[in-house]
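Student: I have a model open and would like a close look at a single part of it. Could you walk me through that part and what surrounds it?

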Amino acid sequence: MHGLAQREGAITCHTRYQKRIFEDDRKNLNSPLICYGDADLYICFEPVEALRRGIFASNKTSFVINEYKIPSVTVTADLEKYPSLDKIKEILNGYSQEVYFINATDLALKKFGSTQQMNLIMLGFALPTHKIPFIEIKHYEEVIKEWLEEEDKNIKALNLGVQEGIRVINKY
């Protein structure tokens, strides 16, 4: 994780999953970083963030993007223009046709009165892409129960995201 958010910077986090361990250690994951062009899934909490790390995307990548815009300092100072969601989608379609938007921030505010659950809505929204196929919803719910406060609210947020993902992505 790269933590520059306190200074208006980006936070990038790679998560790699390995379903089983191989006897030949060279076949096992040995790095926490994803290779260029090898990302299966981008979960973007802000639209422009989807554009910042395009080097990891390819035609196999699914993008799930929160529509809520957080303009950078250069945009608020009128030094740059924030791209439209249509323009962002057009650029990302150069990598993949799987580009999906949801306004998880507004949904969290409407359903829970806080933006706190936006990240779980986004995780749930990503699940119908089937890019994390071997982790079931019940496993996420177990982790929420063990590690998070307000477990009922957070489980509802995860499941709300899944429902929205099913509706938008139409796969699950």
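What volume does the largest pocket have?

Tutor: Happy to, and please keep in mind that this is a predicted model. The largest pocket has a volume of about 1,800 Å³. Its lining is made up of 50 residues, and those closest to the centre are Ile11, Thr12, Cys13, Ile43 and Cys44. The elements that each give two or more residues to this lining are strand S1 (41-44), helix H1 (49-52), helix H2 (73-76) and H5. By residue type, the lining divides into 31 nonpolar, seven polar and 12 charged residues.

Two cysteines appear among the residues closest to the pocket centre, Cys13 and Cys44, so let us check whether they are bonded. The closest cysteine sulfur to that of Cys13 is indeed the one in Cys44, but at 12 Å it is too far for a bond. Cys13 has a relative accessibility of 48% and therefore counts as partly exposed. Cys35 is also partly exposed, with a relative accessible area of 46%. For the sulfur of Cys35, the closest cysteine sulfur is in Cys13, and 16 Å is again too far for a bond. A search of the whole structure agrees, finding zero disulfides.

Now to H5, one of the elements that contribute to the lining. Seven of its nine residues are buried, so this helix is largely enclosed by the rest of the structure. The buried ones are Met118, Leu120, Ile121, Met122, Gly124, Phe125 and Ala126. They pack against S1, S2, S3, H4, helix H6 (137-147) and helix H7 (151-169).

Just before H5 comes Gln117, in the loop between helix H4 (104-112) and helix H5 (118-126). Gln117 counts as buried because its relative accessibility is 1%. Leaving out residues up to four places away in sequence, Gln117 touches Ala108, Phe112, Glu150, Lys153, Asn154 and Ala157.

Finally, follow H5 to two of its packing partners, S2 and S3. Strand S2 (residues 62-66) and S3 run parallel and are joined by four bridges. One of the pairings to look for is Phe63, whose bridge partner in S3 is Val99. In a regular strand, side chains alternate between the two faces of the sheet. Strand S3 (residues 99-102) shows this arrangement: Val99 and Phe101 point one way, Tyr100 and Ile102 point the other way, and all are buried.

Key:
Residues are numbered from 1 along each chain as its sequence is written. This is a predicted model: local features need pLDDT of at least 70, side-chain atom pairs count only at pLDDT 80 or more; totals for chains, interfaces and linings use all residues. Side-chain values use heavy atoms; hydrogens and water are left out. Buried means under 20% relative accessible area, exposed over 50%, partly exposed in between (1.4 Å probe, protein chains only). Contact means heavy atoms within 4.5 Å. Two strands pair if DSSP finds at least two bridges between them. A disulfide is a pair of cysteine sulfur atoms within 2.5 Å. On a 1 Å grid over the protein atoms alone, a cavity is a set of points where a 1.4 Å probe fits but cannot get out, and a pocket is an open set with protein on both sides within 12 Å along at least five of seven lines; lining residues have an atom within 4 Å of a point. Grid points are joined across faces, edges and corners, and a volume is the space filled by probe spheres set on the points. Ala, Val, Leu, Ile, Met, Phe, Trp, Tyr, Cys and Pro count as nonpolar, Asp, Glu, Lys and Arg as charged, and the others, Gly among them, as polar.
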